[in-house]
Amino acid sequence: MIRPATRTTVLFTAVALATAGTALLAGCSGASDGATGGTGTGPTATASAHASAGVLGTGFSDPDQPPAPEATIHPEPGSWSGVHAPVGYDVVLLSDAGDAADAPTRTLLDAVESWAADEDVTVTPVSAKGPDDRIAAVLRAVDAEPDLVITVGNHMVDPLAAVSPTALHQQFLVVGAEIAEPTSNVTAADWTGGGFRGEGLGPSSHYDPETFTEDRAARGLRAGLAAVLHDLTGIVVWVP
């Protein structure tokens, strides 16, 4: 189910953003150093919560050779189906209001809503009201202190890339796009036809809006969540 966000929008200047980043780092100094992937968790996640998330199927990744930071894994189809959100898992859904009519983004938003209903997860939407509000929206999402921030829509890729290194305590999942140089707290779920990596960088594969189908969005979301819930973070999860 989706519940409305209650935090007030604040427009941040570059100076304010730097200050916010410093504050975030100070607040998370004991959470994660970001040097390696796979150990960061959201503020309220616990070892027992991860244990209750279910198990990864054969072929999701090689347990004897965990993926290196920024690596790409290619899970076997369905190897994520045994993983489910732990009870009480808290998610923020981050997007740009201007993308609401964009077909690929709308498909991703619907996929998150459908997943949340199936898993009985409460999702708080945080939406940027325009280009000048995008970085502030990422900071609002972090300020909500969820277990996970799910980001959809190409317009949020650059703002997320700017903020995520200053919020290493917070886990992010990008669906249908990537961060060019992700820190250990940013995981991406992507496929051939997705792969936007930010302005001026180009996609990692030929961008094709037609590939953002309901089925593929659901697969990407669930595969990415399975990786995050099992601490395989800071990587790209490539789905068919």
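"Buried" here means that a residue has under 20% relative accessible area. Keep that cut-off handy for the views below, which all come from a predicted model.

**View 1. Meet the sheet: seven strands in one open sheet.** Reading across, the order is S1-S7-S6-S5-S4-S2-S3, and the pairing is parallel. At the edges sit strand S1 (72-73) and strand S3 (122-128), each with a pairing partner on one side only.

**View 2. Zooming in on S2 and S3, a parallel pair.** Seven bridges link S3 to strand S2 (residues 90-96). Look for valine 91, whose bridge partner in S3 is valine 123. Helix H3 (residues 103-119) packs on the sheet here, touching S2 and S3 as well as strand S4 (148-152) and strand S5 (172-175). The direction of H3 makes about 150° with that of S4.

**View 3. S5 is covered on both faces.** In a regular strand, side chains take turns between the two faces of the sheet. In S5, Phe172 and Val174 are on one side, while Leu173 and Val175 are on the other, and all of them are buried.

**View 4. The neighbours of S5: S4 and S6.** S4 and S5 run parallel and are joined by four bridges, with isoleucine 150 partnered by leucine 173 of S5. To get from S4 to S5, the chain passes through helix H5 (residues 157-163), making a right-handed β-α-β crossover. S5 also pairs with S6, again in the parallel sense and over four bridges. There, leucine 173 stands opposite threonine 187 in S6.

**View 5. Helix H6 lies across four strands: S4, S5, S6 and S7.** H6 covers residues 214-229 and runs at about 160° to S5. Among the strands it crosses are S6 (186-190) and S7 (236-238).

Terms used:
Residues numbered from 1 in each chain as written. Predicted model: local features only at pLDDT ≥ 70, side-chain atom pairs only at ≥ 80, totals over all residues. Heavy atoms only, no water. Pairing = 2+ DSSP bridges. Helix = DSSP H or I, 4+ residues; strand = E, 2+ residues; numbered from the N terminus. Contact = heavy atoms within 4.5 Å. Axes fitted to C-alpha atoms, helices over the stretch in contact; angles between N-to-C directions. Buried < 20%, exposed > 50% of the residue type's maximum accessible area, 1.4 Å probe, protein only. Right-handed = clockwise from strand over helix to strand, strands pointing away.
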